[in-house]
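User: I am new to this structure and would like to understand the terms used for it. Could you walk me through a few of them?

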Amino acid sequence: MDKLLPRIPFSKWIDNGVDWLIDNFGSVFDGVALVLKTMVEGFVDALAFVPSILLAIIFAIIAWLISTRKIGIFTLIGFLFIDYLGFWYDMLQMLSLVLTSVVFAIVIGIPIGIWGSQKATVRNIIIPILDLMQTMPAFVYLIPAIFFFNIGVVPGVVASVIFAMPPTIRLTMLGIEQVPKDLIEATEAFGSTSWQRLSKIQIPLAKPTIMAGINQSIMLSLSMVVIASMVGAPGLGEKVYRAVTQLKTGVGVEVGVAIVIVAIILDRITQHAGSKKQGGTNS
Amino acid sequence: MAEQIAKKKIEVKDATKIFGRNSRKAVQLLNEGMTKEEILKVAGATVGVKNASFDVYDGEIFVIMGLSGSGKSTLVRLLNRLIDPTTGHILIDGDDIVAMNKEQLRGVRRKKIGMVFQNFALFPHKTILSNTEYGLEIQGFSKEERQSKAKEALRLVGLVGYEEQYPSQLSGGMQQRVGLARALANNPDILLMDEAFSALDPLIRKDMQDELLQLHNNMGKTIVFITHDLDEALRIGDRIALMKDGEIVQIGTPEEILMNPSDEYVERFVEDVDLSKVLTAGHIMKQADTVQVDRGPRVALRLMKRLRISSIYVVDKKGKLLGAVTAQEALNATENNQSLDEVLITDLPMIPEDRVLTELFDIVSKATIPVAVIDEKERLLGIIIRGAFIGALSGNGQFINENRVVDMVDEKNTEVNGNG
């Protein structure tokens, strides 16, 4: 087909950019990779150190304390079910990947969200980037991630963090901006500094919304585990991936159910963590 | 007047606030005499407050009143720079807060000015006590100190025992008490109250007004009170500034505003006022004819005959009101050779000069002789006649005294009054 202009070499520019980053910041990426790898493996080792039944009970008690007894019981039964399916270690690997991603999504996301809520210019720059992060097909992150971090769990974590962070940032901004204007006026009228306004009023009042963002981040990073397994991240996602390539329906469903159980447990616990102990309507 | 001598606490000098992008241009247009609507059309900017100038004296209650959109809430926010004025100066204790940097401004807000908001603006995640502590907390007071001050403030507004409750557990009136306590806890000189009682129902509102007046009497703070309710303004204000379209149209005492509206707008505003809540006995009393007690019944009788009245008030040498005597009684006394003392009616209706008319309906309607208005030494200042009472309520100016104080009269006064 004849075109008026030659094809734009956009992909070339990106490739050159990636090469340049690897050449110049290779050691930085190695350092990041080491931290992430150590963290994920540390989680796995720590969790695997405890016998499965005992760990299931510990999780159940934590779930009960944070949310309700019903969810505690569901947690116990769910984890024991996964254990008896024989996926315990895979489940721990997946959980460690999710935990690591979420920790980074929170540690990076909340400060960015707070910053964005304070300055309109920052917000105007952040929001399109968030849109990009969320709409770009997740597979696309994996390709440069392999170049930067090799195959294995690390590119999986990085892709999960990028994919899972936007809700935390968005809802942190939203939660802080939703604090009623007259409360902000009140803090100003009493002579609060910006930090006092944020730490004493805005962030505490935004907490339920921020928790909803973290909940969303957890769910999104869970949804990334299968994709992450394509670059070599171990865990339940890898089992699903293998079942798909080998067309094993039974195993696929088994693992799928296990992932769903973990998802429900994490979702219910974090939802309750957000709604509990807020306001003073219940004396 | 006493207020004129008092120290100026807040001075607002030619303050203007323009909302919108072209504020500089709008100020220029405003100075050229354009109206609010024209500026909105030409520059796309909204005039919030236009060339406001006024002083608030130490210890007075200064009410800024106007309808919604008149700029009163913007104006009060200029006073602690929650909104920055576009031009003009605002002086608090002589210091221009417009020229202050953030740090100095924070200092003024922390030490000198407390604010109470229309919708209370309590922090829902904090208890009543820690809400009240907030202003002290951010100043870094120790926990014990701020708690004891906060408890004292809560005691002042009558909320002992609610310290550990949350705002949502309290009624509207109680929540606003917390708002007031929070502002008082810092012990500021100035209280800004932005429609503080407007969200409360009428009965609670009246209670709160009374309590505010009492607190004001006890603590002597300077209060700037914003309201859209004229009755409220007249009830609590020492002086009132009336606003319209961002401009102050009149500043004066409640009486001045009622009696001499500066223009049609003010006049229309005040015409629906319930006069019985504003006018006092002093406004409608007439000069009274009296007779000194030692002159005897004959003199009293002659005086009544000459003045064509059926009863007369009897006073002692110092003008202290002793009672009244009717023509019939005086006639009986002359026939039986009694002194005036013996035929006096002493259980007279007597009221102080500052009693408002709403509280007089009952007394005036039951009285058989005109109601006596007395001062604190029980001297007779004047009398209230039923006809004048009704005439004043109907808004007829000829029954209302411009000057509240009517000179005391004695028996030599020959001016005829239609007693009875």
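Analyst: Happy to help; this is a predicted model, and we can take the terms one by one.

User: What makes helix 2 and helix 3 of chain A roughly antiparallel?

Analyst: Look at the angle between them: helix 2 (residues 52–66) and helix 3 (residues 69–85) of chain A pack at about 160°, with axes 7 Å apart. Angles over 145 degrees count as roughly antiparallel, and therefore helix 2 and helix 3 of chain A earn that description. Their crossing is right-handed.

User: Which residues of helix 2 of chain A meet helix 3 of chain A?

Analyst: Among them are A:Ala56, A:Phe59, A:Ala60 and A:Trp64 in helix 2, while the helix 3 side includes A:Ile71, A:Gly72, A:Leu76 and A:Phe79. By class, the residues of this contact are 11 nonpolar, 3 polar and 2 charged.

User: Why is B:Phe141 called partly exposed?

Analyst: Its count of C-beta neighbours inside 10 Å is 18. A residue is buried at 20 or more and exposed at 12 or fewer, so with 18 B:Phe141 falls in between and counts as partly exposed. You will find B:Phe141 in the loop between helix 6 (128–137) and helix 7 (143–156) of chain B. Setting aside neighbours within four places in sequence, B:Phe141 is in contact with B:Leu136 and B:Arg146.

User: How do you know that strand 11 and strand 12 of chain B pair?

Analyst: There are 3 bridges between strand 11 and strand 12 (residues 311–315) of chain B, in the parallel sense. Pairing needs at least two bridges, so these 3 are enough to call the strands paired. Within this pairing, B:Thr290 stands opposite B:Tyr313 of strand 12.

User: What makes strand 11 and strand 13 of chain B edge strands?

Analyst: The sheet is open, with 3 strands in the order 11-12-13 and mixed pairing. Strand 11 (290–292) and strand 13 (321–326) each have a single partner strand, so one side of each has no neighbour in the sheet. Neighbouring strands here are turned by 35° against each other on average, direction ignored.

User: What lies across strand 12 and strand 13 of chain B?

Analyst: That is helix 15 (residues 327–336) of chain B, which runs at about 85° to strand 13. Since 65 to 115 degrees counts as roughly perpendicular, helix 15 is roughly perpendicular to strand 13 of chain B.

User: How many residues do chain A and chain B bring to their contact?

Analyst: Each chain brings 18. On the chain A side, helix 8 gives the most, with 6 residues.

Note on methods: Residues numbered from 1 in each chain as written. Chains lettered and ligands numbered in written order. Predicted model: local features only at pLDDT ≥ 70, side-chain atom pairs only at ≥ 80, totals over all residues. Axes fitted to C-alpha atoms, helices over the stretch in contact; angles between N-to-C directions. Helix = DSSP H or I, 4+ residues; strand = E, 2+ residues; numbered from the N terminus. Parallel < 35°, antiparallel > 145°, perpendicular 65-115°, else oblique. Left-handed = near helix turned anticlockwise from the far one by under 90°. Contact = placed C-beta atoms within 7 Å. Nonpolar A, V, L, I, M, F, W, Y, C, P; charged D, E, K, R; others polar.
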